[in-house]
Amino acid sequence: MTPHLLEADSLSKTYPLPGGGSHQAAADVTFTVPPGGALGIVGESGSGKTTVARMLVGLVRPDHGTIAVAGRAREPRPPRGRAARLARAREIQMVFQDPYVSLDPRLTATQCLRTALRLHDRGEAEAAELLDRVGLGPREADARPRDLSGGQRQRLAIARALAVDPRILVLDEAVAALDVSIQAQILQLLAEIRAETGVALVFVSHDLAVVRHVTDEVLVMRRGKVVERGATARVLASPDDPYTRLLLASVPTEGWDPTDTARTPLPPP
Amino acid sequence: MSENRPRSTPAPAAAPPAEALLEIVDLTLRLPGAARPVLDSVSLTVAPGEVVALVGESGSGKSTTAKAALGLFPAGAVASGSVRFDGTEVLGLTGERLRAHRADGVALVHQDPRAALNPVRRVGDFLVERGAGRAEAVELLASVGLPDPQRRVRQRPHEMSGGMLQRVVIAGALAARPRLLLADEATSALDVTTQADILALLRTLRAEHGLGLLFITHDLHLAAAYSDRVYVMYAGRVVESRTASALFTAPAHPYTRGLLTCSPTLGDTLTPLRPIPGRPPSLSDTFPGCPFVERCAEAEPTCETWSPRPVPLPDGGAAACAFVNAEPGLSPVFTAVGNRPAGRDRWAQTQADGADADEVNHA
């Protein structure tokens, strides 16, 4: 038995570019997440953090490298057979930045949850329970995505992911588009759900302060490579890598001067 | 608590300095079909060389306020009040004079540079269109820190990254030599390191050209770190106007305090986030009293009928809350509640007892 819930081993992905070149989006990314743990993946645009998240759920097929959940390898392509596919879905679920494009516009919140519950042979009555858990009331239960606010849509997206009762929840910039007061509500909700259900989180974000609040461990990525890893509190308080230091110095706080951080020389990756 | 007072210039935030570049007074903007005004008695000033931040959540009216400085209003809007730029009333301008105002004095930079640039025209053409000469276009691109400007002027937008394009848009904004730059979430979509570069650039330009900057953002920490003064907006109203340092150390309005305690920070000790309940109001929500009352932890029955107005604070700022400690002798609010226990009002407590300053320091 392995103590790790999620094991990602040397995940790599290279995309061809027009004109014959290629772009390595992820290079030998390796990490583990313990049961009920929370791992942050931070980096700027083009760092490969989203590619890693999409490889975890199976939206992007890695060139090489393996992913295992609870010691069982995830096949690169979806398995044949309903039972195997459902079991695979129950391993990892994903919440995207914009739930507006990931929710079916024709289904009300309740119908959306019932569909997911029915597919996984769970009682459809649980829909009300799930809505309650993510803080959606009876008015929102009968509303379609276009009638929900951004924060409510994200709550529904989280409820839909939970309807499958996953072991791991992958969140890709899931709070980035929300107003700060709503963002804080969703972060609090995630902390509650993690405590109640023991689901592990892989939290992909560009926002270091948010990652500080949500995760136990963190990977810092730059141009497809992991440049630093460790306990979130340690990495963000006393970073070893110059790039992590630059990222931290770029976050505005009291007494901050952007000229201090602008064009700090970095070693080539 | 003398350190909470404005440091060098005692010009109070509430009373506009005589030489204000942009002066908005009591601007109210109504839209047909909206249940409440989009903007409600908004007043703000920007002095030459000053960085003023406008903070609020979506729908608070911050972008609408900035666009008002250009005389740019939503279709069908009815505006009252006054928007003066360099002494000229903008609200009444029409035709050629309005076009001249928009072309010369004020420039607006949006969040998405790709929306501001024509994808089939070269970057150099974009700058020339805004009044720069060919040689000047190269100089402008160099001044905003783009490497190899000779080559860049011949490139098209798709050949550059978002950060580079935002520099191009800023160069375009500067081509007309404006005295006021409106930056509407201009760095929000950029990586943090790129954001730091662009903000450093804007600070240099302010020093070199005496450029006034109205800086619109949803990020309260960025606003407080980067600007001289901050206006916090909620439901179309300015709820607090303070110097940036006062906003960090002693926020007066419960909404400002709420924003600070629900924004994650990178501090050594992890303070739990305290979300503001509810959601930002929409245009269909109406308020007989204070618009924040439903989400406010400190609201009392009187708040539901109290019509918000800026209450001057001792340090020169103002907050539109019935329960802030007003400047002595100035518009006492609610004489009936004058004997409320001081401990109820954290801001008043801080003012009275400097030792408690840490308690409200959310920075």
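Me: What makes B:Y234, B:Y255 and B:F292 one aromatic cluster in this predicted model?
Reply: Rings pair up if their centres lie within 6.5 Å. B:Y234 and B:Y255 do that, at 4.5 Å centre to centre. Together with B:F292 they form one cluster.

Me: Why is the pair of B:Y234 and B:Y255 called tilted?
Reply: Look at the angle between the planes, which is 55 degrees. Stacked needs under 30 degrees and edge-to-face needs over 60, so 55 degrees goes down as tilted.

Me: And why does that pair tie together separate parts of chain B?
Reply: B:Y234 lies in strand β9 (residues 229-234) of chain B, while B:Y255 sits in helix α11 (residues 254-262) of chain B, so the parts being tied are 21 residues apart in sequence. Both B:Y234 and B:Y255 are buried, too.

Me: How many aromatic pairs are there over all chains?
Reply: The count is 4. One of them is B:F215 with B:Y226.

Me: What makes B:F215 and B:Y226 a tilted pair?
Reply: Their centres are 5.2 Å apart, and the cut-off is 6.5 Å, so they pair. Their planes are 45 degrees apart, neither under 30 nor over 60, so this is a tilted pair. It links strand β8 (residues 212-217) of chain B, home of B:F215, to helix α9 (residues 220-226) of chain B, home of B:Y226. B:F215 and B:Y226 are buried.

Me: Okay, on to the two chains. Why is the meeting of A:D257 and B:R203 called a salt bridge?
Reply: The N to O distance is 3.2 Å. The rule asks for a side-chain nitrogen of Lys or Arg within 4 Å of a carboxyl oxygen of Asp or Glu, so this one passes. The count between chain B and chain A is 1 salt bridge.

Me: What else goes on across that interface?
Reply: There are 9 residue pairs in polar contact, with both residues at pLDDT 80 or more. On the side of chain B that touches chain A, α8 (192-209), α9, α10 (244-249) and α11 each supply at least two residues. The largest share, 8 residues, comes from α8(B).

Me: How much area do chain B and chain A bury between them?
Reply: About 3,100 Å², with 61% of it on carbon and sulfur atoms. The contact takes 37 residues from chain B and 34 residues from chain A.

Me: How confident is the predictor about chain B?
Reply: The mean pLDDT is 82, and 84% of the residues of chain B reach 70 or more. Among its elements, β9(B) has the highest mean, 95, and helix α12 (residues 346-352) of chain B has the lowest, 39. Over residues 329-363 of chain B the pLDDT is below 50.

Methods:
Residues numbered from 1 in each chain as written. Chains lettered and ligands numbered in written order. Heavy atoms only, no water. Phe/Tyr/Trp six-rings, centres within 6.5 Å; stacked < 30°, edge-to-face > 60°. Helix = DSSP H or I, 4+ residues; strand = E, 2+ residues; numbered from the N terminus. Buried < 20%, exposed > 50% of the residue type's maximum accessible area, 1.4 Å probe, protein only. pLDDT = per-residue confidence, 0-100. Contact = heavy atoms within 4.5 Å. Buried area = accessible area lost by both parts, 1.4 Å probe. Polar contact = N/O pair within 3.5 Å; in protein donor to acceptor, adjacent residues only side chain to side chain.
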